[in-house]
Amino acid sequence: MADCLLRCALCGREFNPESRVKTCPDCGIDGTMHVLYDYDEAKKRMGRKELAASFDFSLWRYSALLPVKEGARRPSLHVGWTPIYSVSGIAREYGVREVLVKDDGRNPTASLKDRASCIAVTLALQEGQETVACASTGNAASSLAGFAANVGLRSVIFVPEAAPAAKVTQLLVFGANVFLVGGDYAATVRLAIKAIERWGWYDRNCAINPFLVEGKKTCAMEIAEQCGWDVPDKVFVSVGDGCIISSTYKGFYDLHRVGLIDRVPQVIGVQAEGASPIHRAVQSGARTVVFGPSRTVADSIDVGAPHNWAKALNAVRSSHGDTVAVSDGEILAALAELPRRSGVFAEPAAAAAYAGFVKMAREGRLQASDRIAVIVSGNGLKDVVAAQEAVSPARKIAPDMAALENALGLEKA
Ligand SMILES: *Cc1c(COP(=O)(O)O)cnc(C)c1O
Ligand SMILES: [Zn+2]
């Protein structure tokens with residue numbers, strides 16, 4: 001383990017990582033842990049010069065700030081250093097200085113979750129575990145299954161039965177032991193937690209295992225480095241359980257602590273209106289989050305009882321950020337608009353982040369001087385059924401030129 005310690009996000013109590021605590025024994029399941037490092041030591045290993053000279057274009061380039069031992073066996077799948085695109089057409093349309101699209105759907109199983117799964121299997125191997133397990137709305141599961149296959153671990157996966165077919169198929173092709181749970185995500189998580197307790201499997205539930213947010217934070221670190229350490233003003237991320245938003249803040253926080261950036265961008269959390277407990281807590285200034293039922297087309301953020309709410313609230317407040325809620329209609333409109341303007345195809349939950357940007361821009365809540373980053377957390381091919389809702393169907397035509405001329409002529413008229 002790199003030198004680090006765990007600190008409860010609620011009560012601040014600190015723990016040694018070797019103690020194997022997951023969530024805080026005093027605060028229970030809500031007491032998720034921050035992982036903190038010896039930042040003076042990390043500073044020496046991870047300066048601008050060292051990074052500029054590094055040929056490791058993966059998440060491991062930030063290993064001085066990752067909770068993994070040097071020399072540990074790592075999966076061979078390539079994770080991270082995904083492209084970021086400055087899309088001037090979008091910036092012009094919405095009246096901001098720059099819009100950056102970070103395409104994290106380019107990871108090996110096509111979502112940002114790979115950054116966490118990569119760390120999960122590395123730590124599972126380090127601990128000599130044979131089985132890794134998780135509950136997931138879909139992407140964490142397909143990601144873990146892929147990484148388990150890559151290193152030869154057994155994976156046991158629990159997903160709600162409503163998970164999109166592409167994600168479930170990914171699980172099956174990677175050879176996972178898959179259980180489609182007859183209930184919602186909350187019920188799925190409860191079953192997984194009990195099974196993990198009972199059989200002692202390695203836990204890849206991001207809100208419970210404190211080390212996984214550490215993998216995901218490398219997305220924010222890349223954004224900073226890809227911007228030449230001149231970070232954007234606002235970073236938009238979609239929010240379900242609250243792990244990605246926590247990790248986005250954590251990545252910038254760590255870079256600030258080691259002096260690589262001079263400020264932390266505002267982190268803007270985007271939720272679906274039908275699943276917005278974190279948004280409601282932020283807007284009302286509440287100290288805790290009230291759980292409820294959830295319903296949205298964006299399955300990856302269809303979470304009514306977010307497990308990482310404590311860290312998520314901290315991410316918004318500590319970065320002087322904000323939250324915004326978008327309707328399913330706005331998500332589908334964004335899903336259709338982003339690829340037309342950028343060439344990047346996002347699944348509904350990832351399109352939600354873009355929808356949040358569009359909404360705040362339209363409401364006049366952004367500045368003309370703003371540089372914006374939008375994290376595309378998952379690839380659009382993950383859920384083509386939702387995408388079909390957002391576009392008009394292709395036209396059918398007989399296989400002859402007359403019919404084609406006719407069709408094209410009709411279009412001109
Ligand atoms: C998991 C996921 C999210 C939400 O992340 P949380 O950590 O649950 O808030 C957003 N988009 C995609 C594509 C995801 O897979
Ligand atoms: Zn605590």
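This is a dialogue on reading selected features of a predicted model.

Trainee: Let's begin with the metal. Which residues are the protein donors of the zinc ion (ligand 2)?

Mentor: Four cysteines. Cys8, Cys11, Cys24 and Cys27 each donate through SG, at 2.3 to 2.4 Å from the zinc ion (ligand 2). Along the sequence these donor residues follow the spacing C-x2-C-x12-C-x2-C.

Trainee: Why is the arrangement around the zinc ion (ligand 2) called tetrahedral?

Mentor: Start from the ideal. Four tetrahedral donors have ideal angles of 109.5 degrees at the metal. Here the 4 donor atoms subtend angles of 107 to 112°, so the arrangement around the zinc ion (ligand 2) is tetrahedral.

Trainee: Is Cys8 buried or exposed?

Mentor: Cys8 is buried, because its relative accessibility is 2% and the cut-off for buried is under 20%. Cys11 has a relative accessible area of 43%, so Cys11 is partly exposed.

Trainee: Now the sheets. In what order do the strands of the 3-strand open sheet run?

Mentor: The order is E2-E1-E3, and the pairing is antiparallel. Strand E2 (14-15) and strand E3 (33-37) stand at the edges; each has a single partner strand, so one side of each lacks a neighbour in the sheet.

Trainee: How many bridges pair strand E1 with E3?

Mentor: Strand E1 (residues 4-8) pairs with E3 over 5 bridges, in the antiparallel sense. To find the register, take Cys4: its bridge partner in E3 is Tyr37.

Trainee: And what is the strand order in the open sheet of 4 strands?

Mentor: That order is E8-E7-E6-E9, with parallel pairing. Strand E8 (177-181) and strand E9 (202-203) are the edge strands, each pairing on one side only.

Trainee: Which strands does E7 join by bridges?

Mentor: Take each side in turn. Strand E7 (residues 154-160) is joined to E8 by 5 bridges, running parallel. In that pair, Ile157 stands opposite Val178. Strand E6 (residues 131-135) is also joined to E7 by 5 bridges, again parallel. There, Thr131 stands opposite Arg154.

Trainee: How many residues of E7 are buried?

Mentor: In a regular strand the side chains alternate between the two faces of the sheet. Count the burial in this case: 6 of the 7 residues of E7 are buried, so E7 is mostly covered.

Trainee: Next, backbone angles. Which sign does phi have at Arg20?

Mentor: The general expectation first. Most residues other than glycine have a negative phi. Arg20 has a positive phi of about 65°, although it is not a glycine. Arg20 is in the loop between E2 and E3. His320 also has a positive phi, near 55°. His320 lies in the loop between helix H12 (309-318) and strand E12 (322-326). At 63% relative accessibility, His320 is exposed.

Trainee: What does the side chain of Arg20 meet in a salt bridge?

Mentor: Side chains of opposite charge can pair when their charged atoms come close. Arg20 meets Glu127, at 3.9 Å from N to O. The pair links distant parts of the chain, 107 residues apart: Glu127 sits in the loop between helix H4 (114-126) and E6, Arg20 in the loop between E2 and E3. Arg20 is exposed at 58%. Glu127 is partly exposed at 34%.

Trainee: How many salt bridges does a search of the whole structure find?

Mentor: The search finds 26. Among them is Arg371 with Glu98, whose closest N and O atoms are 3.1 Å apart. Arg371 lies in strand E13 (residues 371-376) and Glu98 in strand E5 (residues 98-103), so the pair ties together parts 273 residues apart in sequence. Both residues, Arg371 and Glu98, are buried.

Trainee: Which residues do salt bridges with shared partners join into one network?

Mentor: Begin with one pair. Asp104 forms a salt bridge with Arg115, with closest N and O atoms 2.7 Å apart. Asp104 is in the loop between E5 and H4 and Arg115 in helix H4, so this pair ties parts 11 residues apart in sequence. Asp104 and Arg115 are buried. Through shared partners, salt bridges join Lys102, Asp104, Arg115 and Glu222 into one network.

Trainee: Last, the surface. Which residues make the nonpolar surface patch of about 370 Å²?

Mentor: Ile397, Met401, Leu404 and Leu408 make this patch. Ile397 lies in the loop between helix H15 (384-390) and H16, and Leu408 in helix H16 (residues 401-412). Ile397 is partly exposed at 46%. Leu408 is partly exposed at 41%.

Notes:
Residues numbered from 1 in each chain as written. Chains lettered and ligands numbered in written order. Predicted model: local features only at pLDDT ≥ 70, side-chain atom pairs only at ≥ 80, totals over all residues. Heavy atoms only, no water. Helix = DSSP H or I, 4+ residues; strand = E, 2+ residues; numbered from the N terminus. Buried < 20%, exposed > 50% of the residue type's maximum accessible area, 1.4 Å probe, protein only. Donors = N, O, S within 2.8 Å, 3.2 Å for Na, K, Ca; no water. Tetrahedral: all angles 85-135°; square planar, octahedral: opposite > 155°, others 65-115°. Pairing = 2+ DSSP bridges. Patch = residues over 30% accessible without salt bridge, like charges linked within 9 Å, V, L, I, M, F, W, Y side chains within 5 Å. Areas by Shrake-Rupley, 256 points an atom, 1.4 Å probe, with all protein chains shown as cover. Salt bridge = Lys/Arg side-chain N within 4 Å of Asp/Glu carboxyl O.
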